[in-house]
Amino acid sequence: MGEGQTYFTVVAYFTALVAASSDAFQFTNPDGCGHDVSHSSVMMRTTQRAQSFCALRCSQDPSCQGFNWQREPENGVHSCELVDAASDEHGSHLNVNLGFSYMEKSQSGFQSATTTCRKLKTRDCLCPAGYSQMGCSCYKFNSAQTDFETAQASCRSDSPFSDIVSIDSAEETLILKQLVLSSESGDANQFTLHDAYDFDGDNQNYVHSSKGNATLSYINWSTNEPNNANELCVAFTPNSGVWFDVPCSWTTLQSICEIDKNFNGCSC
Ligand SMILES: *[C@@H]1O[C@H](CO)[C@@H](O)[C@H](O)[C@H]1NC(C)=O
Ligand SMILES: *[C@@H]1O[C@H](CO)[C@@H](O)[C@H](O)[C@H]1NC(C)=O
């Protein structure tokens, strides 16, 4: 690997990041495959000590099609990037990735793929179109009033990492209130979904269902709430910031989608 080439790739990578922050998902790729990157395929980047662990991560995830493996370790660990598209899917959207090998999932295990190109990472470090970055999260307000399932499906259709917002602090509540107030069609006094769920209908022990039933770290019920064991979903009114238990089937619930970068493995 020539030093000049490495430098060029690094510059290209940062050029891509700068371009992307102002114009999400539009990448200029001046070298290598020579095409603009408009898709993101790297789902997650982790570090691993051995390639077999990277392969294991990929094999455990049905959406993982292959991985980029950093050949030389840094401080004893290698970058392991899981990608969700096969090398032929975005063939014209690849960027040379010096120092990495791309291994593709196949019937018989992982095979070294023909390309030496890399799928650029955008999904978990940049907010998708329509989302605003605030703190470590990307948010999108959805003023359409629907039931819980429709709202959740809408978030998921934006990104597999997008879910109904999980409210973790009073500060986050204020951010969400501003988000709703700044939208043209939002009603800050309307019930707005929060990803908290009462699985056993006991009016207590609510969990974040999108985060593998993680217990809530912050709680702010309105007076006398939760008050109904049949109301398994939770909504808040952005103006008050306080929570109410509500039926998941109500079709008058506004929603906010959130991509929590810490949760999906991206540092911020
Ligand atoms: C959350 O808990 C419910 C009820 O126990 C269970 O049905 C569901 O599978 C759990 N979800 C996860 C991701 O563990
Ligand atoms: C509940 O939310 C309101 C509005 O965000 C806030 O003023 C209040 O301090 C919160 N209470 C708690 C216990 O966090």
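# Asking about helix H3 and its surroundings

Guide: Phe-148, Ala-151, Gln-152 and Cys-155 are buried in helix H3 (residues 148-158). This is a predicted model, where local features need pLDDT of at least 70, side-chain atom pairs count only at pLDDT 80 or more, and totals for chains, interfaces and linings use all residues. Residues are numbered from 1 along each chain as its sequence is written, while chains are lettered from A and ligands numbered from 1 in the order in which they are written.

Visitor: What makes Phe-148, Ala-151, Gln-152 and Cys-155 count as buried?

Guide: Buried means 20 or more other C-beta atoms within 10 Å of a residue's own; exposed means 12 or fewer, partly exposed is in between, and C-beta atoms are placed from the backbone. Those four in H3 are classed as buried, so they meet the first cut-off.

Visitor: How do you know which side of H3 they are on?

Guide: They cover an arc of only 95° around the axis, so they sit on the same side of H3. The arc is taken from the directions from the helix axis to the C-beta atoms. On the other side, Glu-149, Ala-153 and Ser-157 are exposed.

Visitor: Why are S5 (residues 100-106) and S6 (residues 109-112) called paired strands?

Guide: Pairing needs at least two bridges found by DSSP. S5 and S6 have 4 and run antiparallel, so they pair. They form a hairpin with 2 residues between them, and Glu-104 stands opposite Gln-111 in S6.
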